[in-house]
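Here are a few short exercises to work through with the model open beside you. Try each task before you read its solution.

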Amino acid sequence: MQHTKKAVVAGVALLTAFTLAGCAGGSGGAGNGGGAADPAACAPSDGEVTLDFTSWIPGIEDVVKMWNDENPDIQVKVQTGPNGNSGTYSSFFSQLEAGNAPDLGQIEYDALSSFRVQDGLEDLSACEDVAAAEDEFIPWTWNQVTLGTDGVYGIPQDSGPMALFYRSDLFEQNGIEVPTTWDEYKEAAKKVREAGGYITNFSTADINQFAGFVWQTGGDLFSNDGSSWKVNLAGDQSKTVADYWQELIDEDLVSTYPAWTEEWNNAYNSGEVWTWNSAVWGANSISSGAPDTAGKWSVAPSPQWEAGEKAAGNWGGSSIAVFKGTEHPYEAAKFALWLNTSDEALTALNESANIYPATTKGLTLPSLQEGVEFYGGQKIYDVFAEAAAQVNPDFVWGPTMTQTYADVSDGFQKAATGQGTLFEALEAAQTKTVDALKAQSIPVSE
């Protein structure tokens, strides 16, 4: 039977005691012995259940149909919308305030803290199947959904480990070695420029790439000690990354086209830009945006800050969260686990939307073991599987990421045209972020 929602009062005022304890991505998940939640909070419902689910994954309707065909007593109604930062999140917050949020929704890792601070997510740690599922996931992805607490605020869906896409034909033709360190990358950039190209395009709009670079250094943008947030946008690791890319911009060694525009596609399709240090999903961005370069690309591990290191950044990734107010947390958690752990769902998601699974067994899907024709037959997903195991598990996202992204992006765009520097943009965004946290009565330490 169709259920109704209980009203949910969302707001940071509810978190005066700041229950986001220790949000430093540690090992406090329910599967690590912390699960103090009441099992009664995740009990099966009586009778038939219908769940509402909002997602933006292409082909998600077909995957949900697979579930519905096998589970007549737990039916899922799926609604699709734009990517989270493109409007879905604002709808979620409005629905939470009105008490009519869907039972489940897709939320990227970088937005989970925002929903947690707003008290908008159900803690699933009392659900027996969830508590037992931790070992199925790549450890750092599980840390993303526990938020450093003993709770579980989503089921990891996918991840975006980063590696280096490069035009192997152009590197070979010009006698340039594939760089293994960032120092070598800069030297290669000079040679690429002499050959008339750019080694890469530095995105001033999508700050997630920059965050991935900071993540690789072992740094973070935020931290939490259990009582307050600390903003680290202008921290030492951020400065290292910002100064590095500022040098490449100042020396005209990189292009600065807006990402995913026609200009950007043409730069890669024409051979003007030779590499992209991006996430696993970038394989599809290149193949769709630069079709004339088929067979000319390869993938290598990301350059390292020190020779011999093995560290990877991450760019992107989502969870399936259960919203506060659902009357069916047990059934919602059961569906979310099936969607993100079962062989049939993982295979279907990968085939329909190229979802890169967050589970360890998902990395061994048959479709991820094959050579990719666009990349000269290389088994590129082997590189990303290695990178997935090298992502620092302790990276923390803050509770105001949408505003933070906008502030950093504004500064980065100015820096790309010579108006200030990348690091000055980070410093300005840090001040604005601290002010935004204080304005929302979110505890912050400086």
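**Exercise 1.** Find how many bridges join β1 to strand β3 (residues 104–108), and in which direction the two run.

*Solution.* This is a predicted model. Start at β3: two bridges join it to β1, and the two strands run parallel. Next, pick out a facing pair: Thr54 stands opposite Gly105 in β3. Now turn to strand β2 (residues 74–80), which is joined to β1 by seven bridges, again in a parallel arrangement. Here Phe53 has Val78 of β2 as its bridge partner. Finally, follow the chain from β1 to β2: it passes through helix α1 (residues 60–70), and this β-α-β crossover is right-handed.

**Exercise 2.** Decide whether strand β1 (residues 49–55) is mostly covered or mostly open.

*Solution.* Count the buried residues, taking buried as under 20% relative accessible area. Six of the seven residues in β1 qualify, so the strand is mostly covered.

**Exercise 3.** Check whether the length of helix α12 (residues 329–341) agrees or disagrees with 1.5 Å a residue.

*Solution.* The expected span is 1.5 Å times one less than the number of residues. For the 13 residues of α12 that gives 18 Å, and the end C-alpha atoms are 18 Å apart, so the two agree. As for cover, eleven of the 13 residues are buried, including Phe335, Leu337, Trp338 and Leu339.

**Exercise 4.** Work out how the protein compares with a globular protein of its length.

*Solution.* First, list the parts: 16 helices and eleven strands. Then take the radius of gyration, 22 Å; it is close to the 22 Å that the globule rule gives for 446 residues, so the protein is as compact as a globular protein of that length. Buried residues make up 57% of the 446.

Technical notes: Residues numbered from 1 in each chain as written. Predicted model: local features only at pLDDT ≥ 70, side-chain atom pairs only at ≥ 80, totals over all residues. Heavy atoms only, no water. Helix = DSSP H or I, 4+ residues; strand = E, 2+ residues; numbered from the N terminus. Buried < 20%, exposed > 50% of the residue type's maximum accessible area, 1.4 Å probe, protein only. Pairing = 2+ DSSP bridges. Right-handed = clockwise from strand over helix to strand, strands pointing away. Rg over C-alpha atoms; globule rule 2.2 N^0.38 Å.
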